[in-house]
Amino acid sequence: MKKAVAVKEAATVVKMTKIQYFPFAFFEGKVVMTELAKVSIMTNALQYGNGIFGGIRGYVSESKKSVNIFRLKDHYYRFISSLKIINKTINYSHNELVSITIDLAKKNKPDTDCYIRPIAYASNFEISPDLSMLDFEFAIYMIPLGEYLPVSKGLKLGISNWVRINDNMIPARAKVTGGYINSSLAKADAVKLGYDDALMITIDGHLAEGSAANFFMVRDGKLITSSRYADVLEGITRRTIIQLAEDLEIPAEERLIDRTEVYIADEAFLTGTGAQVAWIAEVDGRIIGNRKIGPITEKIQKLFFDIVRGREKKYSGWLTKV
Ligand code: PMP
């Protein structure tokens, strides 16, 4: 992509054949044209997956006049926790990360739903995987993003025979770039088998989560999600849904889930920044409920989309307008 083209289209999305992206990125301490934000093949993070990332959504507001970034501060609290788990720091405070992101989003002038991808990565040309020797750079880019998984058709999922990474291997609680090979293997094999996505089990056989989303099910009127001790990423959307269930007076529980409980669940859905709230129609060929979106899922999904579009004033504290 030639620089001149991107500059001309600066207020819109830069279009390439496969991926579309917004024109400005934050890279090595400043805002640059996205296509100039490049690293060397010698970068340690590229070689070993030594990076931490985030994924944040911006939703076009009901009035269409602004974009609502969802739970921006909470995403950066998790980002910093991920860094802490791998015992690294970056040169920016939580407040600075938030304000850099707001400034970049404003500069990109999104007029579509979008996805913001912050990443802290080992930028050294260092051949050793020794994390203690490495310095972490911080960068952000933005892409337009509609549905990552269908939210209204009913997902067909398969339980993967790739086991979810364990806390003492690569902690799923930290959003570590290298850990995503685990998700990639599960997702790719699931798609090859005709599923929309995979569900993954823990090393001791409990249901963990999807390849890039948390799992919820309803049994006997109770909303249940996998325990945070079941090798899951502690999703911001997961936390949101637990809070909404409380507000809607739906009993909710975090606990270990057996594989076969999923098969006989009354309702089930995935949650995540990408996945949003996407209901599940089938798992391993077993129909969930009556193959329609269930009443509890529907209620939660509706409230979620009302909130992110800014139609629910009570939750406006979760939104950052740009
Ligand atoms: N689990 C995994 C493995 C993920 O990649 C994601 C997406 N970030 C989630 C769960 C959902 O997390 P969140 O709601 O914070 O996006």
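Two strands pair if DSSP finds at least two bridges between them. The model shown in these views is predicted.

**View 1. Strand S13 and its partners, S14 and S16.** Strand S13 covers residues 214–219. Five of its six residues are buried, so the rest of the structure largely encloses this strand. S13 pairs with strand S16 (residues 267–272) in the antiparallel sense, over five bridges. Within that pairing, Met217 has Ala268 of S16 as its bridge partner. S13 also runs antiparallel to strand S14 (residues 222–226), joined to it by four bridges. Here Val218 stands opposite Leu223 of S14. Two residues separate S13 from S14 in a hairpin. In that turn, Asp220 has a positive phi of about 50°.

**View 2. A salt-bridge network and a pair from S15.** The structure holds 20 salt bridges. Arg219, Lys222, Glu253, Arg255 and Glu261 are linked in a network of them. Another salt bridge joins Glu254 to Arg228, with 3.6 Å between the closest N and O atoms. The two residues are 26 apart in sequence and link distant parts of the chain: Glu254 is in strand S15, while Arg228 is in the loop between S14 and H6. Glu254 is partly exposed at 35% relative accessibility. Arg228 is also partly exposed, at 33%.

**View 3. Pro251, in the loop ahead of S15.** The loop that holds Pro251 runs between helix H6 (236–247) and strand S15 (252–255). With a relative accessible area of 44%, Pro251 is partly exposed. Pro251 and Leu199 are 52 residues apart in sequence. Their C-alpha atoms are 24 Å apart in space.

**View 4. Helix H8, mostly covered.** Helix H8 takes in residues 295–308, 14 in number. At 1.5 Å a residue, H8 should span 20 Å; the C-alpha atoms at its ends are 20 Å apart, so model and expectation agree. Ten of the 14 residues are buried. Among them are Ile296, Ile300, Leu303, Ile307 and Val308. The polar side chains of Thr297 and Gln301 belong to buried residues too. Just after the helix, Gly310 takes a positive phi of about 85°.

**View 5. Salt bridges at the end of H8: Asp306 with Arg311, and Arg309 with Asp113.** Asp306 forms a salt bridge with Arg311, and the closest N and O atoms are 2.8 Å apart. Which side of this pair is buried and which is partly exposed? Asp306 counts as buried, at 11% relative accessibility. Arg311 counts as partly exposed, at 40%. Arg309 forms a salt bridge with Asp113, at 2.9 Å between the closest N and O atoms. Arg309 lies in the loop between H8 and strand S19 (319–321), and Asp113 in the loop between H4 and strand S8 (114–122), so this pair ties together parts that are 196 residues apart in sequence. Asp113 counts as buried because its relative accessibility is 18%, and the cut-off for buried is under 20%.

**View 6. Helix H4 and its buried face residues are shown with Lys109.** H4 has 15 residues, 94–108. At 1.5 Å a residue, a span of 21 Å is expected; the end C-alpha atoms are 21 Å apart, which agrees. The buried residues include Leu97, Val98, Ile100, Ile102, Leu104 and Ala105. His94, Thr101 and Asn108 are also buried. Lys109 follows H4, with a positive phi near 45°.

**View 7. Aromatic rings in H3 and H8.** A pair of aromatic rings is described by the distance of the centres and the angle of the planes. Rings pair if their centres lie within 6.5 Å. By this rule there are twelve aromatic pairs. Tyr76 and Phe79 form an edge-to-face pair, with centres 5.7 Å apart and planes at 75°. Being three residues apart in helix H3 (residues 72–85), the two are separated by about one helical turn. Tyr76 is buried at 0% relative accessibility. Phe79 is buried as well, at 2%. Phe304 and Phe305 also form an edge-to-face pair, 5.4 Å centre to centre, with 75° between the planes. Both of these residues are buried. Ring pairs link Phe26, Tyr76, Phe79, Tyr92 and Phe138 into a cluster.

**View 8. A nonpolar surface patch around Met42.** Ile41, Met42, Leu46 and Phe125 make this patch, of about 480 Å². Met42 is found in the loop between strand S4 (30–33) and helix H2 (44–48). Its relative accessible area is 47%, so Met42 is partly exposed.

Note on methods:
Residues are numbered from 1 along each chain as its sequence is written. This is a predicted model: local features need pLDDT of at least 70, side-chain atom pairs count only at pLDDT 80 or more; totals for chains, interfaces and linings use all residues. Side-chain values use heavy atoms; hydrogens and water are left out. Patches are made of residues with over 30% relative accessible area and no salt bridge: like charges are joined within 9 Å, nonpolar side chains (Val, Leu, Ile, Met, Phe, Trp, Tyr) within 5 Å. Accessible areas come from the Shrake-Rupley method with a 1.4 Å probe; for residues, only the protein chains shown count as cover. A salt bridge is a side-chain nitrogen of Lys or Arg within 4 Å of a carboxyl oxygen of Asp or Glu. Buried means under 20% relative accessible area, exposed over 50%, partly exposed in between (1.4 Å probe, protein chains only). The expected span of a helix is 1.5 Å times one less than its number of residues. Rings of Phe, Tyr and Trp (its six-membered ring) pair if their centres lie within 6.5 Å; planes under 30 degrees apart count as stacked, over 60 as edge-to-face and the rest as tilted.
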